[in-house]
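Me: Got a minute to go through an interface with me? I'll put the model up.

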Amino acid sequence: MKNTIYLISALVMGIMLNSCEDFLDRTPLDQISDPEFWKTETDLELYINGLYEYFEGYATVGMGGGWTKDCGTDIVLEKVGAYWDTYTQRLDGTLTVPSSGGGWNWSKIREVNHFLENAGLVEEGDLLDHYTGEGHFFRAWFYFELLVKFGDLPIITETVNADNEELLYGSRSSRSDVLDFMIIDLDSAISKMKLASEVGPSRLNRDIAALFKARVCLYEGTWEKYHLGTDFEGKTDGTDFLMAAADAANEVIEAGNYSLETGDINSAYYELFNQTDYSKNKEVMLYKHQDYLAYGNQFGNQSQNWPNGYGISHEMTQMYLCSDGLPIGISPLFQGDSTLYQVEINRDPRCAQTIMVPGDIIAINQEDTTFFNLPEVFNCPTGYESEKFRRPQYDAESGSPSHDVGYIFFRYAEALLVYAEAKAELGTLNQADLDKTINKLRDRVGMPHLTLGSIAEDPNWPDYGHSLPDYVYEIRRERAVELYGEGFRFDDLMRWRAHDLWLGKRFTGTLYTDELKELDPNMFANEEGYLDPFQVILNGPDGGYGFHEDRDYLLPIPINELTLNDNLDQNPNW
Amino acid sequence: MKKFRTGLQLWCQKHCLLKTFRIMKLSTILLLVSTWHIFAAGVYSQDTELTLELGETSVGEVLAEIENQSEFYFLFNQKLVDTEREVTVEMKDKKVNEILDEIFTGTTTEYVVMDRQIVLSPKEYLAEVKASIQDRTVSGMVVDEDGLPLVGVSVSIKGISVGTITDAEGNYSLSDIPDETSLVFSYVGMLTEEIQVGAQTTIDMVLSQDFLGLEEVVVVGYGTQKKVNLTGAVSVAGKEAIENRPVSNVQQALQGLVPNLVIAPTMAGGEPGAEMGMNIRGLTSFANMEAEFNGDLESVRSGPYILVDGIPMGMNDVDPNDIESVSVLKDAASTAIYGARAAYGVILITTKKGEQGTRVSYSGNFGWSAPTIWPDFADHMSTIHAHNDAAVNAGASKWYDDDAIERMEQNLADPGSAPGMIPKRNNLNWDIENTGMKGTANEDWRSIIFNESAPQHKHNLSISGGNESINYYLSGGFFKEEGLLKHLTDDFTRYNMDAKINAKATSWMKLNFLVKYRQGLEEYPWTQGFGRDYMINWLNKIKPGTPSKYPDTDIWTKQSGMSRYQSSREEYTRRQLVISPRIILEPVKGWVTNLEFNYRTNTDDQNITINQYYWMRPNGDLVYTPPRSGTEYTSNMFTNVYMSPNIYSSYTRSFGRHNMAIMVGYQNESFQYSNLLSNATHLLSDATPSLSTSVGEYTVDDQIGHSATESFFGRVNYNFSEKYLFEFNLRRDGSSRFEADKCWGTFPSFSAGWVFSQENFYPLKDVINFLKFRGSFGSLGNQNVANYLYIPTMAVDQSYWLFGGERLWTVWTEDNTSIDLTWEKVSTIDFGVDLRSLKNRLSATFDWYESKTTDLVGPGAVLPAVLGMPVPKRNEGEITTRGWELEISWKDRAGDFSYGFRGILSDYVSRVTKYNNPTKILSTYDWWGYEYPSYYDGKDVGEIWGFESAGLYQSAEDIEAWGVDQNYIYSGAWYPGDLKYVDQDGDGAITVGENTLDEHGDLVVLGNSTLRFQYGVSANLTWKGIDFSMLWQGVAKRDLDLRTRGTFRGPADAQMHATCYVDHLDYWRDDTSPLGANPDAYFPRPYSEYTGSNDKNFGYPSNRYLQNGAYIRLKNVQIGYTIPSRITRKIFVTRARIYVSGENLLTFTKLMFYDPEAFSGRYYGPGDAYPLSRTISLGLNVNF
C-alpha cells in the first residue's frame, strides 16, 4: 500500500517538475518575425517586391468586365446595367457620402512607410540605394492615388500605430504641400535608383521615376491653374509644377534610354499594344507581364471576352484628324461616318489602328482567320469596338484568345506629351519643342507635322470651358488620340476642369443601322439615328450628365472619418 | 470494484408501518442511506475479521468504517437508530457480530445479518420482521427492455429489507417469502417495479429505463455526480434520443434536445456529412459574431469544448450509435474545471462500455433524401418577361427580343420545335449569355438538378461483454450518404471504430485502454478559384430557358455548368486515431487516482483534380477547357498530433451525514501540426491525376506550428446529508498562445444547492416530491485565439508581379494587429430550480443566468483610416448575455401503454456593455471594403439598423407628393415602384446623420437577427411492441436581412445572379409590362444591375424586406415495432426491432425562398446554401 502511494507521488512530482516554463514557450515555425527581419539587402528586395502587386492591370480572368481604364469617361462608354464603374457615376454626379471606405484607404502608405523606416537598418549592398529608391517611388505613387480622389491629404511619413494620436487625428495639408512632399520622394527615387539596363525591364528605374514626376507635376500644375479661384484651388497658380513637369519630362527625353518604337505607319501603333512581352521594347518603360498558362487566373486578363461591354464613343472617333492634318470639320478628305468602315478612311492612321471596322482581323486560330463583320451592340453600346489592345493571335496551346497581353504603365510617348503640354500651358512652347515631341509621334504614323502659327482653326474644338491657345487644343487632341484607353482620360478631364464637355450632354455611338437593329433590336438611338446608350439613365439637365461642378471634382471623405477626427474637414460642398 | 452509493427504501411490514407512519411522515426521510455492492454475487463470509481503531467516535462513524473495510452494508432508519451516540471503539481482528454486539449493548437497537446486509432496528420491529419470514422460495430472471439480462438488480421483499441481487445471468432466488407480500425490483437508472407474489414461485421481470431517475448519475468534468447532487447547470441527453436517427452525425441528432444548445447549419448547409455550428447559451466572441455576419461559420473558433471520453475531439468524430450519454455543462461552475478551454461551455460525450454478459448488437438504417426547401422556378414566359422588365427599367435593352419570345412560346407549346439557342453569325458562338440569359429551351431544371431521392445507409455492429475482472466494448460503424445532386458526385462516407477494454489488475488497480479510429471521405465537385459547392451557387442562378444540352447531342451546355462540375473534383479523406491508456489506482478506499495519457493524431489528405471539359460550338467543334496546361492536381496533407497526460486524484469520504470529495489534478497539452501543400499543373491524362503525371508548374508549401498548455486544477465537494450542497473549483492555466507575462490565468467557481424537499419543514411534499434550488458563480478564460498573435510576423509568399516572367519571393508587411492579447474572460452567475412532481412522473428544470464576457478580443477601437491597417485587436470589449432555459418532461405508464413528453424552451439576449467606440459609430467597413455594423456600448447583439419604408411609389405624382429627399440612398432618379422611406427626424431628407447612436438621422433599429425562444418538443409512446416518437424543433422569433442575396432579389440583380422564382413575380410593374400591372407588389421595381438603381430599394436594410426567420420543424418522427421475443428467441435473437424514421418531414415558416436553417452558402450572399435533406429511412436493430 505504501509503495503504491510512493509510486503515485513520484509520478505526479515527476511530471510537474518536468514542466518548466519552456514547455509553454512556442515560437512560430513557419513565419518570420518582424524584429528578426531587415538584415540584408535581400530582405529589402523581398519586401519591396510585394508592393509591385499594387500596379493594377486589366481585370483578371474571371472578374467579369472592365478592360479599359478609360471606361466611364467621355471617350469610352460602358454597357448600361452591367458594370459599376464609378467614373460614370462621378461624371453623372450620383455618388453619395459613404459612412466609411470610399477609397480613403491608407494601408499602402503604411506598408511603404514601414519599409522606408526599416530600410536604413540594412547597411551594405549594391542595390541598397536602388531598393530604397523604389520605396520612395511607391510612396509617391500611392499618394498620387489618394490625391486625385481627395485633394488635400495628411502627410504621413512613419508607420502609424494605434496609440499615435497626433497622426491619427491630424489634419490635411494643402494639396500643393502634398505635391512638394511627393516631389521630394520622387527626387530621392531618381537619385537613388539605377537604370533599366542595370535592373532589367521588370523593375522600376530612374527614368520611370522621372516620368512619373513629370506626370504628377503636370497633373497638379494644370489642376492649380484651371481650378484657381474655385473651392478646389491649391496654394499656387501651378506654374512651378508645370516647370517641374517639363524639366522631368525633358530629363527622360534627354537621357536617351528609351525611344519610340516605330515601323510600318499602318501597324506600328497597333502592334505596340497587343504584345505579350515588352521586355525588349524600346518604348515601353514598365508593363505588367502576364502568364496565364503558367500561373493561372491572377496572371491573365479578360481578353477573351471582347468587346467586354464597352464601346468607344462617337465623339472620340471625331477627334482623329484627317490624313491631311486637318480636322474633319474642314478637311475635304473626310468621308463621313454613317457606316463603321467610313470612319477610318483618310484619317490619322491611329484611328484605323484603334477602332474595329468590318474586315479587320479579330481572330487567328491556327489556320483559321476570322474577320470582324458587325459589332455586338448588345455588348458594345456604341458599336465602336476597340482594336487597340486586341491580340488576334490565339494561344496555340489552349486554342483560345491569349490572356497574356501586357498592360503598359509607362511608355516613352507620355514623356513627349507631358513635355509639350507643360510647355504649352506655361506659354513657352516653341517649334523645336513640338518637333522633338508631338511631331515624333506624328512621324510614327505618317501624319503631317504640327506647326506653330499655322494651326487650322477647328470649328469643332471641344468646349473645355476656357478659351485656349490653338496649340493647346491640338496638344490635348494629340494626347487623347495617342493615349486612348491607357487610363489617362478621367484624370485629364478633372485637371482641365472640363465639365462643360459633358455636363448636361450625352455621348453617342455609331449610326443605328437596320443591319445593327436586326442583330440587337432593343437599343436606344437619338433623333439623328445614332446609338444613344445612356438615353434614359443619366440624372443631369436635358437627360445628360448631372455633374456638380462645385462638388464632384473631389470625392467625399467618409462620414465616420469626420466623426472620429474633428481636425478633418469635408471636401467642398459634400 | 465500484461501489454505488444509493438510497434504498426500507419499509417495515404492513402493521409495523401503520404504527410508525406518523413518525416517518414527519421525518420526511423515508430513505435509509446505505450502500451495496452490485457486482458481488455469492455468499459473503460473516467471519471476515475487521480492525477498528477509532477511539472515541460516533456510532455512524463506526458503521461507515465497517462499510469501508468490508462488503457489509447497513440498512436502518436514521430516526429509529441513534447514530450520533458516542462510543469508544478499539478492536483488532474482530468479527462483525462481535463489534455490533459491543456497540449496541444496552440500547434498544438489534441487528440481523443477511449475507452482506445488516438491518438495524428497534427490537420490537425486528422481532416482527423475523417472525414474518416464512419458508418459501421465489426465483426468476430480470432483463431490460432489450431482453438483455440485468446484473446486480436489487430484489427485495416489500416492507422489509430482506433481499438479494441478480447474478451475471440476471437470475435471482429469494427464500422465506411471506404470502401476502410484493417483490420490489430496483436498479440504477431503471424504473423500480413492484409485483404481488401471490402463489407464484417464478417471477420474471422486465425493467425499463427511468429517465427521471433520482439515482441518475451524470458525467461531469473529471468524474461523475449524482444528478440530485448537482449544483451547476448541466443538461443531459441519453442514448435513446440519439440512436436510430437517420442522421449523418451527432450534431444533427442533438439539435432540439438540449435547451440553449444552439446547433445550426453553417455555410456548408446540407452538404453530405456537413458539420454544423454550435454555441451554448449564445455565448460567443466578437470574432465569431463577425464570422457569422459574413456567413463564414467555418472560421468560428470559440465553440463549446467537446470531450469524448475525456479526450478533446470533434463532436462528429463519433458514431452516434456508440454514444451512451451527452452532458452539456453550461454554467461556469460546471465548466470551470476545464478553465481556459471552457469559456463557451463544455460538452462531454461518454461512449458505451462493456458490461457483464456478452451482447452483440447490430443496427442498420437505409434512407432516401430529397431537399427540404428549394423554391419553385417561375414559369418560362413569366421569367422572360420579368428579366426583360428589369432590363428596361435599368435603361438597357431587353434580354429577350420578340424573336426569342416567339421561340420560347413555340417550345412551350411543342417542346423541341424551336431552337433553345441560335448560333451567332460567325458560327463560333451561341447567342445565349454565359449566364444562360437569352436561352429559349423548355427545360425542367429542378428535375435536372436534383435526384428524386438520394440514398444513404448506416450500419453499426458492436460486441460487448466481460466478467468481474475484465470487460470490453468493440464497435464498428459505417455511414454513407449520397448527395442530392443528380448528375454530380457529392458523397460522404465515414467509418468508425471504437474499442474499450477495462481490466482489474489488482484489488487496487484497474487498467483501461481506449482506441478510437475515424475515417471519413468527402467527395465533391470542385471549382477552380472557388472551391466546394460553387455549383450550388451556379445552379441557383440557372434560367429556366437555358438549354441543358447542345442540339441533337448528349453534351451538356457550358451554361448548365454540369460538364464543368463533373470534370473537377475534390476528395477529402480525414483520419483520426485516438489512443488512451489509463491507470486507475485505489490504494485506500475512497482515494482514487487516475493516470491518463491521451494521444490523438489526424492525418488528412485533400486531393483536388481539375480536369478538362468541353463545350460545343455551333459548327460542331468541341472546345476543351481549361487548356491541357491548365489542368491541375493538388495534393495537400494535413497532419497533427495532440498529446496530453492527465493526472487527477480524488478522495471521497462520508462522516456521518457529512459527505466530502476532494480532487486535485494536473494536465498538460501539446499540439503540433505539419501540413504539406502541393500543386502541379498540366496533367498528362485525365485518368490518372497525380503529381508524378503532371508536367507543368509545381508549387510546394508547408504550414507548421505548435502550441501548448499546462494546467493545475482542483475541486472540493461537500454536502450535508444530501440536503445542503457545495462545490468549489479552481483551475490555473498557462497557454503558449500568449506572451510569457500574460500566459497564466486563474479561474475559480463556486456553487451551492439546497434540496428543500429534504427539510423537515418542507411543506409541499404531497405536490412536489423533489425540489432543489441551485446557484453558481464562476469565471473562465478563453484561449481560443490563433497562435503567436503577440509576435509581429511576416508571411512569405510569391509575388503577384512577374519579374522577368517569374514569380519572386516576397515578404508581406508585418502583421501586428493583435499584439498584447490575453485571455477573454467569461463570468457567469446562474440560478436554477429542479423539481419532480406527481410521483416523479413530472420533472422540470429552470435556469436563469447572466454571463459577462470581459476582455473580449474585439476588432479594436474604431480608429481613423490613416492607421493603414486593421485596428489591432485588444482585450477591451464586454458583452452581457442574459438568458433562461426551461426543461419539462413527463413520463408515465398505464398497463402496456407508456408514454412521455419532453419540452425545452430557452432564450437569451446579448448586449454589448463595453466597447471602445466613444463616438458610437453605427457601422464601419472591414478591410475588404464591406460595410458591417460596429459595436457600441448598449448595443443588442444582432440588432439590424436601417430605414423604415412607407411602401412603394405608385406614380410620378406620388413621388412628388412624398417630398422627401432620398438622395442619400441614391442620388439619381426615382421611379414608381421604388421604395419610399420615412423621414424620421422630419428634416425633409433621408440621411444617416453622423452615423452615430446619438446622431443617427433616419436610421432606426428594424429588428434583431438573434434566434429567440428556441424550443423543442418531443413525445414518445410505446404500446406492447410498438413504439412511436417525434421531435419538433423551432425558433419563435428572428429577423433576417437577406436583401443582399441574389436569390432574394430575383430579377432585380445583374444577369449572372438574376433568378426568378414564383414569388419573385410579385414585383412592381405598370401596365406596360406583358405580365400586367401589379401595383400592390411585395418586391420593388427590378433593375437588371448589380447595384446601381437597385440600391434605391436594397442598398440599406429596410423593414419592408426584413424576413421572418421563425420556424417550426418536425425534425424526426419514428415508428418502430419490436418483434416479440418468444418468436425471436427461436433464432437466438434476444431482441429485434424494425422502424421507419423521417427527418425534417415538415417545416412551417414564413421565410421566403430559403430553408430557415440554411440560407447562407459558402459564397457569401447569393443564398447559395446546399439544401438540407428531408430523409425517410427504414431501420433495424438486432441484439444477440
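Me: How many residues does each of chain B and chain A bring to the contact?
Reply: Chain B gives 102 residues and chain A gives 97 residues, with contact meaning heavy atoms within 4.5 Å. This is a predicted model, where local features need pLDDT of at least 70 and side-chain atom pairs count only at pLDDT 80 or more, while totals for chains, interfaces and linings use all residues. Residues are numbered from 1 along each chain as its sequence is written, chains are lettered from A in the order in which they are written, and side-chain values use heavy atoms, leaving out hydrogens and water.

Me: And how much area do chain B and chain A bury between them?
Reply: About 8600 Å², with 63% of it on carbon and sulfur atoms. Buried area is the accessible area (1.4 Å probe) lost on putting the two parts together, summed over both. Tyr800(B), Trp801(B) and Val866(B) supply 10% of what chain B buries against chain A, more than any other three residues.

Me: Switching to charges: which side chains meet in a salt bridge?
Reply: Lys424(B) and Glu376(A), at 3.1 Å, N to O. The rule (a side-chain nitrogen of Lys or Arg within 4 Å of a carboxyl oxygen of Asp or Glu) finds one salt bridge across this interface.

Me: What about strands, which ones pair between chain A and chain B?
Reply: Strand β1 (residues 32-33) of chain A pairs with strand β40 (residues 793-794) of chain B, antiparallel, over two bridges. Strands here are DSSP runs of E, at least two residues, numbered from the N terminus, and pairing takes at least two DSSP bridges.

Me: Which residue is the bridge partner of Ile32(A) in β40(B)?
Reply: Met794(B).

Technical notes
Helix = DSSP H or I, 4+ residues; strand = E, 2+ residues; numbered from the N terminus.
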